[in-house]
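Thank you for sharing this entry for comment. Please keep the sequence and the picture side by side while reading the points.

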Amino acid sequence: MGKADHGEVALTVSALMGLLGGIGLFLLGMSAMTNGLRQGAGSSLRGILARSTATRLRGLAAGFSITAIAQSSTAVTIATIGFVNAGLLNLPQAVWVVFGANLGTTSTSWLISLVGVNVRIDTLALPAIGIGAMLRLVARERRAGSLGEALAGFGLFFLGIVILKDTFGNIAETIDISRFIIPGFAGTLIFVGIGFIITQLTQSSSASIAIAITAASGGLFGLEPAAALVIGANLGTTSTALVASIGATAPARRVALAHVIFNLIVAIIAIIALPLLIALTTTLSDWTGADLDGARIGGIDVAAAIAIFHTLVKGLGILIIWPLATPLIGWLGTRYRSEDEDLARPRHLDPTTSAVPDLALGSIALEIRRLGAITSDAARVMLAEAGDPQDRAHAQGHFEATDRLIGTIRDFIARLRLSGMAPHLADGLSHALRALQHYQTLADLAAQARPTDLSRPGLPPPIRAALATYRDNLVATIAGPSADEPGFGTGSAQADAERVESAYQQMKSALLVSAAQGAIDPMTLDRLVTAIDRLRRCGEHAAKARRRLALVEKSLTDGGRAPVAQETRDAVAE
């Protein structure tokens with residue numbers, strides 16, 4: 001092996017160490033800077049996301065600004081998915097925050113190109129690391145310590161940039177990389193793939209962009225391969241969002257899918273129109289970056305040109321997605337649909353009927369009928385003696401769906417114009433609200449029931465049989481007649497409520513007699529009385545809800561011609 005070969009091997013080892021060290025410092029600095037800024041800001045970043053997303057433009061601005069501050073679009077995207085998962089943001093709000101976060105990644109490329117490459121900042125990086133680390137160690141206040149961590153991360157960030165730039169510069173002076181670059185479309189795809197792989201390995205598109213800028217600034221390759229690396233880096237960020245959406249709610253998975261779709265659109269357009277975008281980037285660089293002192297290729301500052309290209313591609317993506325956002329969000333709403341989510345969607349409430357009180361009340365009555373069927377079916381499963389765990393989990397999901405549906409019906413009622421509404425329709429709305437309250441209480445009570453409440457071991461056979469009969473009767477009462485059966489009405493509901501109370505008193509007396517005779521110990525008596533009382537209340541609220549619904553429908557059929565019926569006065573007195 002000759003001296004030249006030894007020199008190349010030594011250069012290769014040195015370059016590999018420089019690359020690993022530079023990327024490591026960059027990632028460590030990025031992590032510290034992101035964590036420090038996020039902790040130093042406290043809950044304000046969360047507040048911005050939760051409050052400043054009322055319109056698409058505000059959501060876009062919120063995503064952009066938070067990403068520019070935190071210097072991590074991945075962190076903002078994952079946080080947004082988490083907020084959707086927790087119900088703090090809805091799908092349209094979150095989608096525009098994610099789009100804004102994608103645009104906000106351009107701030108990193110500008111920071112690297114204008115400061116990290118074009119200014120010899122290593123003389124400031126080391127003091128920043130020292131001061132930040134000391135502040136992090138000695139600061140008693142959490143915010144001051146977090147800002148110290150951010151300052152140290154800032155120094156490490158730029159120290160890594162300096163090492164990467166010097167390493168790529170040494171490689172360019174010794175090895176002619178242009179010999180290995182495939183021209184044309186195939187070469188572009190190779191560099192897109194390299195950018196994608198680097199992002200997967202580092203889990204940071206900023207690291208890939210930093211490599212593209214420093215390598216081009218060091219003369220390793222030109223603007224077009226660097227631009228292809230940037231495209232691949234943007235495409236690589238989609239994997240993190242997809243991983244974060246695993247096991248998340250359906251809305252959160254839709255947000256992740258929106259992030260993937262946006263970056264796919266941007267990548268496809270950028271690859272197809274790359275020559276045109278490079279030409280436009282060169283023109284803009286001549287206008288805006290002619291006085292910068294960075295490395296120049298073809299008369300332009302390559303670092304600033306890459307930042308311009310990155311901004312141009314992301315901005316073009318926002319312009320393209322803007323008119324497509326509404327149909328895209330509508331389509332996303334049909335993805336990952338679950339049974340519970342379908343149950344929570346109203347089927348009869350139409351905003352166009354809100355201007356006609358009779359039609360609106362009729363829609364409300366139909367929706368409450370549907371709500372009652374869902375709630376009663378789920379309650380029967382939860383109150384069954386030996387319910388299957390999977391069926392119980394399914395019923396619990398139905399209760400969560402009905403809770404959202406109740407909120408939707410209440411919101412619909414709240415938007416109705418009550419002024420000038422006929423008295424019989426106003427009474428109908430009042431009964432509708434009370435029916436919703438009864439169904440919600442029924443769901444809450446049934447959700448707390450346990451299969452073993454009435455089948456505790458050691459109970460005397462007569463008591464066990466009486467409790468089983470009591471449970472079966474209450475479950476049948478909760479089911480009741482359907483709304484289209486002849487037995488459905490105020491009289492039937494009132495009779496059901498009376499039977500529930502009578503059965504409860506009889507069962508309670510039997511338990512007290514058994515306890516007095518020593519057949520049941522006091523602790524078991526207390527638990528059994530609590531259990532039968534819960535069943536009693538479930539039956540009563542089911543019967544009262546049906547009674548209120550019958551009064552809603554009666555107010556529609558009477559049309560205001562009949563005087564206030566006795567059952568209406570009785571219901572108001574409840």
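The numbered points below go through selected places in this structure, which is a predicted model.

1. A good place to begin is the largest nonpolar core, which has 58 residues, and within which F99, F221, I231, I306, F309 and L332 touch the most other members. Several helices supply at least two residues each to this core, including helix 4 (73-85), helix 5 (91-104), helix 11 (223-236) and helix 13 (250-272). The largest share, 12 residues, comes from helix 15. As general background, nonpolar side chains in soluble globular proteins tend to be buried together.

2. To see how one member of that core is packed, which residues is I231 in contact with, once its neighbours within four places in sequence are left aside? The list consists of V192, A267, A270, I271, L274 and F309. Apart from this core lies another one, of 55 residues, and L383, A395, L405 and Y470 are among its members.

3. The next residue to look at is S65, which lies in helix 3, spanning residues 56-70. With a relative accessibility of 27%, S65 counts as partly exposed, because that class runs between the cut-offs of 20% and 50%. The side chain of S65 reaches the backbone oxygen of A62 at 3.1 Å. S65 also shows how the fold can bring together what the sequence separates, since S65 and G104 are 39 residues apart in sequence but 6.7 Å apart in space, taken from C-alpha to C-alpha.

4. Is T106, which belongs to helix 6 (residues 106-117), buried or exposed? T106 is buried, because its relative accessible area is 4% and the cut-off for that word is under 20%. Leaving aside neighbours within four places in sequence, T106 is in contact with F64, H310, T311 and K314.

5. On the surface, I131, L151 and F154 form a nonpolar patch, and together these residues have about 240 Å² of accessible area. F154 is found in helix 8, which covers residues 142-174, and at 31% relative accessibility F154 counts as partly exposed.

6. The final point concerns R546, which lies in helix 22 (residues 522-558). R546 counts as buried, because its relative accessibility is 5%. Where does the side chain of R546 reach? The side chain of R546 comes to the backbone oxygen of T477, at 3.2 Å.

Terms used:
Residues numbered from 1 in each chain as written. Predicted model: local features only at pLDDT ≥ 70, side-chain atom pairs only at ≥ 80, totals over all residues. Heavy atoms only, no water. Helix = DSSP H or I, 4+ residues; strand = E, 2+ residues; numbered from the N terminus. Buried < 20%, exposed > 50% of the residue type's maximum accessible area, 1.4 Å probe, protein only. Polar contact = N/O pair within 3.5 Å; in protein donor to acceptor, adjacent residues only side chain to side chain. Core = buried A, V, L, I, M, F, W, Y, C linked by side-chain atoms within 4.5 Å. Contact = heavy atoms within 4.5 Å. Patch = residues over 30% accessible without salt bridge, like charges linked within 9 Å, V, L, I, M, F, W, Y side chains within 5 Å. Areas by Shrake-Rupley, 256 points an atom, 1.4 Å probe, with all protein chains shown as cover. Salt bridge = Lys/Arg side-chain N within 4 Å of Asp/Glu carboxyl O.
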